[in-house]
Amino acid sequence: QTSGNDANANLKYPTLDANIETTYAARSTATNKNSLYDSYIRAIRWASDRIGDDGVIGYVTNGGWIDSNTADGLRQTLAEEFAAIHVYNLRGNQRTAGELSRREGGKIFGSGSRNTVAVVLLVKKPGHAGPATIHYRDIGDYLTREEKLHILETSALTGDGWREITPNEHGDWLAQRDETFSSYRVIGTGKGGTGAGVFALYSGGVKTNRDAWVYNYSAAELRRNVERMVAFYNSQVRDFAAATSEIAERERLKIVDDFIDLDPAKISWNRADKTQLARGRTYTIAQDGYRTGAYRPFCKQHVYFDAQLNDMVYQQPRFFPTPEHTNSGIAIIAPRPGTDFAVLATGALPDLSFFTYVAQFFPRWTYERNDADDLLSRLSDGETGYQRLDNITDTALTEYRTAYGPNVTKDDIFYYVYGLLHSPDYRERYAADLTKTLPRIPLVATVEDFHAFRDAGRELATLHIGYEAVEPYPLQETAPMGLDEWELYRVTKMRYAGKGWNGPWSATRSRPTSRRASSMTPTTGPARSTTPATSSTSSRGW
């Protein structure tokens, strides 16, 4: 099922999934291993078990497992179980954007696939010992579907284009990580950490699982949506309780899907809602739940932030406990092959899919509820009941003061990290590592370099967090010969644009000659993920 409104639970395969758990999942370093149970990987595990010690498996498959972080255990297991592996990467991953999408080329199955497609042959031989010989071929950049199919038609398992891969100890086949990267300090410790990172805590952004209901550009419309959904849910609780008053709670949960109204125009159901409904628990609206959220880069929306109506809030209540508590932090795209590294500072409550893909948020501050009774403690945070704590660790402060002098502050460290993460040299050198793990932060060689990154980071953070108040660049309007300035914007004919336009109508008009003119083009749909401007500061010296 694609949502809780489908009432179409996915099938379970206990024996097959148990085999995946003890092989691919057991060796995976990922925290969330759900993707190891998709149909393609289940098929590989099923066939591997079925052929025993002797045989060949041939599949055309989703090729995401070739370099995904979660599939490191899968790759290690395949290299151990088989004698020879051939992987022909046909590319075509259109879940990318920009130049990366163009390099991926045409989709092998046309509109039937947006993912990487690969042909894989797995060979078992009786008595084989040792790791598999892995042969890999990439079909190439910028090829159309027809060009790919022609190359494939004339290809063999040997010859030009094939190369032998030697995996590293991490199970990397393609983009293998730089071993020096692991010697640097981790950027964040995370929940329950010991202070080894630069930041003490970090967290994924808010995961609502019902964005259409709890996000809106209009504050008034958001309130209407939330009130309407909560009222409907509570009515379902009352009706269900009345209809099942004689049934035990454990049995009531089994019949929730048969009772509730699954109309998505009335509510977006999730598993937690159904459990709470079976227990007879109604929802209330928290008036301090209405916040400003950073939905996408440079795209704020009003959001209802509350554990009842959001699927997961993670650690965000510790960063933004009330509307009155301000904070800022660094949103970093979660490690993911096939996407460019992205980082952006924001002062609003971040969404989990801030970069369209998952983002982790590293706040400058955290807040802790102050339960002390004395007046001094209550006044420490303006009588709000919370105490503000520095999220840069003392361990990091000691290290940076040792390297760059006793006057280094935690603000300096925060801005240094932000400047460094925008360094083109850093991003290029550790590109493979940044698709597999969160950033690690090296120390630059000199005090002057540290100050340069710190200053660049402070300037970038000021621009990125306060972008709505930034003074626009001055523009000089230049009209073509024979036209006055207003002729640039005069609509002379309306026509239907057809394919390739992002709005329903197009206007025939003079070509814009400035950013002001260009900004008049209408756009629709969700905000796009953007990569922030990068600092030109050198990354020499680590």
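**Rings and charges in a predicted model**

Buried residues account for 44% of the 542 residues in the protein chain, and the model discussed here is a predicted one.

Visitor: Why is the aromatic pair of Tyr-215 and Tyr-295 called tilted?
Guide: The ring centres of Tyr-215 and Tyr-295 are 4.5 Å apart and their planes make an angle of 55°. Centres within 6.5 Å count as a pair, and planes under 30 degrees apart would be stacked while those over 60 would be edge-to-face, so an angle of 55° leaves the term tilted. By this rule the count comes to 25 aromatic pairs.

Visitor: What makes the pair of Tyr-215 and Tyr-295 tie together parts that are apart in sequence?
Guide: Tyr-215 belongs to strand β8 (residues 215–216) and Tyr-295 to strand β9 (residues 290–296), so the pair links parts that are 80 residues apart in sequence. Both Tyr-215 and Tyr-295 are buried, and the protein chain as a whole has 19 helices and 19 strands.

Visitor: How do you know that Lys-124 sits over the ring of Phe-82?
Guide: The charged end of Lys-124 is 5.2 Å from the centre of the Phe-82 ring, and the distance part of the rule asks for NZ of Lys within 6 Å, so this value satisfies it; the rule also requires a position within 35 degrees of the ring normal. Arg-223, for its part, lies over the face of Tyr-290, at 4.0 Å from the ring centre.

Visitor: Which residues form one aromatic cluster?
Guide: The cluster is made up of Phe-199, Tyr-202, Phe-362, Phe-414 and Tyr-415.

Methods. Residues are numbered from 1 along each chain as its sequence is written. This is a predicted model: local features need pLDDT of at least 70, side-chain atom pairs count only at pLDDT 80 or more; totals for chains, interfaces and linings use all residues. Side-chain values use heavy atoms; hydrogens and water are left out. Rings of Phe, Tyr and Trp (its six-membered ring) pair if their centres lie within 6.5 Å; planes under 30 degrees apart count as stacked, over 60 as edge-to-face and the rest as tilted. Helices (H or I, at least four residues) and strands (E, at least two) are DSSP runs, numbered from the N terminus. Buried means under 20% relative accessible area, exposed over 50%, partly exposed in between (1.4 Å probe, protein chains only).
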